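Q: I am in my first year and would like a close look at one part of this protein, with the rest explained around it. Please go slowly and link each step to the next.

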Amino acid sequence: MQRSCDTAGFLRRSASSWFNGRLDAGLHCAKAAAAGNRRESDELSQLAQFWYVGLLIKARDLEAGRRVLDAVDADRGGAASDRMTAVKHNVRGSLLFAMGSVDDAMEEISTGLRIAESCGDRSLRPPSYVVLALGALRRADMRACRHFVDKLSDEALLGYFGQAPGAWVAAQAVEARSGVESAASLIAGIVTNPVVLRQLLVSEPAAASWLVRACVKLGALDLAKASVEEAAALAAEQPEFSVIRGSALHAAGLLEQDPAKLREAADIHPDRWCTASAREDLASLLAVRCSERDRTIRILEAVLDTYTAVSATRDSARVVNKLREYGIRRGTTRTVECEGLVPHGLTNTEFAVAELVSQGHTNNEVGRQLFISRHTVAFHLKKVFQKMNITSRVELAAAWKVFS
């Protein structure tokens with residue numbers, strides 16, 4: 001009984017520490033909780049180990065997280081309640097997502113969510129929807145992304161424990177769909193809430209740079225500066241985490257237009273997607289220097305390879321377009337995930353354009369989401385009309401319901 005109480009106490013302190021932006025203390029207490037009682041029937045012990053893996057993922061100590069997760073399976077011999085089985089799928093999915101295996105991650109998360117629903121456990125919904133929405137956004141599947149963000153809203157986005165990642169993914173979805181101005185209030189709400197901001201910056205390695213980029217676009221330099229300062233403060237408080245320091249350097253490099261900081265961020269960041277993002281931003285700085293043309297191209301090609309490796313379809317499309325500006329043509333990437341045969345012989349890009357236009361988006365909005373010009377959207381839309389034997393956006397919307 002005493003060991004069980006100790007485990008619960010360590011778990012509470014771990015969750016509280018992480019919630020307040022102290023990943024170091026959170027991990028320390030989580031490790032102590034995970035090392036407690038390991039009786040097969042003790043669900044609290046299993047939960048403690050899964051929580052520990054979750055924080056290792058946030059710290060991007062992915063190999064350690066994998067080892068602990070494998071040890072849990074070995075210790076339990078496959079015996080676990082439905083609730084713990086659902087949690088295991090959720091944690092394994094989060095680990096796979098951090099490793100860049102987006103498709104496998106979303107399958108694991110979805111499996112865990114179905115099991116949790118079958119046993120009436122709602123606690124996994126918010127964290128599951130966050131990963132599923134991020135995965136859909138990364139794969140440029142905007143319909144699925146919006147679906148999961150709506151699900152997050154149904155779960156009272158700003159009311160559940162650990163709400164910061166949910167608020168962030170919602171802001172990203174709004175920005176992708178309608179432009180950064182539409183997400184301005186969400187962004188301001190995140191940055192001006194100290195608890196939400198700190199929790200987000202120790203939970204999502206890509207958040208600091210995204211916030212700075214969005215705030216600069218909005219002309220809200222005070223919010224951009226606040227994001228950079230908080231990221232730097234967290235890095236100073238917890239210097240043992242290269243994931244936090246890398247994120248802070250990336251954010252500062254963006255705001256200050258400092259290539260040295262962006263380069264260092266890319267060199268030390270343990271997250272592959274974040275490394276590629278920092279290098280992409282470095283390439284953007286170098287691009288203004290004519291003497292750096294060849295180096296810029298080399299960096300962008302390496303970035304494209306990384307984005308492709310981690311199934312970042314939307315980011316790959318953006319880099320492909322940047323390379324085209326230099327006369328470098330790389331193979332086109334899938335713009336949207338669609339199951340089975342593509343209707344009417346549409347290409348993947350035509351399918352993506354048709355999907356978004358059928359939802360009422362303008363050519364400008366479609367272009368912003370797919371990183372192509374409105375003229376290119378118009379070209380693909382003309383092909384869609386021809387292949388589907390229709391003549392208007394209204395006809396497309398009506399016909400497209402068959403495939404929804």
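Into which domains is the protein divided, and which residues does each one take in?

A: In this predicted model, the protein is divided into domain 1, residues 271-333, and domain 2, residues 348-403. The C-alpha centres of domain 1 and domain 2 are 26 Å apart, and where the two domains touch, four residues of domain 1 are in contact with five residues of domain 2.

Within the range of domain 1 there is a residue worth a careful look, Ser-311, which sits in the loop between helix H17 (293-309) and helix H18 (313-325). Most residues other than glycine have a negative phi, yet the phi of Ser-311 is positive, near 60 degrees. Ser-311 counts as partly exposed because its relative accessibility is 22%, and the cut-off for a buried residue is under 20%. A second loop offers a parallel case, for Gln-257, placed between helix H14 (242-256) and helix H15 (259-268), is not a glycine and still has a positive phi of about 55 degrees. Gln-257 has a relative accessibility of 48% and therefore also counts as partly exposed, given that exposed begins over 50%.

Some caution is needed along the chain after Ser-311, since over residues 332-341 pLDDT stays under 50, although the model has 24 contacts there beyond four places in sequence. For the protein as a whole the mean pLDDT is 87, and 90% of the residues reach 70 or more.

Stepping back to the whole chain, the secondary structure consists of 22 helices and zero strands. One of these is helix H2, residues 23-34, whose 12 residues reach 16 Å from the first C-alpha to the last, close to the 16 Å expected at 1.5 Å a residue. Among the buried residues of H2 are Leu-23, Leu-27, Ala-30 and Ala-34. An α-helix has 3.6 residues a turn, so residues three or four places apart point the same way.

As for overall form, the C-alpha trace spans about 70 × 50 × 35 Å along its principal axes. A compact globule of 404 residues would have a radius of gyration near 22 Å, and the 22 Å of the protein therefore agrees with that expectation. Of the 404 residues, 54% count as buried, while the accessible surface comes to about 17,600 Å², with 52% of it belonging to carbon and sulfur atoms. Finally, among contacts between residues at least 6 apart in sequence, 59% join residues at least 24 apart.

Conventions. Residues are numbered from 1 along each chain as its sequence is written. This is a predicted model: local features need pLDDT of at least 70, side-chain atom pairs count only at pLDDT 80 or more; totals for chains, interfaces and linings use all residues. Side-chain values use heavy atoms; hydrogens and water are left out. Helices (H or I, at least four residues) and strands (E, at least two) are DSSP runs, numbered from the N terminus. The expected span of a helix is 1.5 Å times one less than its number of residues. Buried means under 20% relative accessible area, exposed over 50%, partly exposed in between (1.4 Å probe, protein chains only). pLDDT is the predictor's confidence in each residue, from 0 to 100. Contact means heavy atoms within 4.5 Å. The radius of gyration is taken over C-alpha atoms; the globule rule is 2.2 Å times the number of residues to the power 0.38. Accessible areas come from the Shrake-Rupley method with a 1.4 Å probe; for residues, only the protein chains shown count as cover. Domain bounds come from an automatic or database domain assignment.
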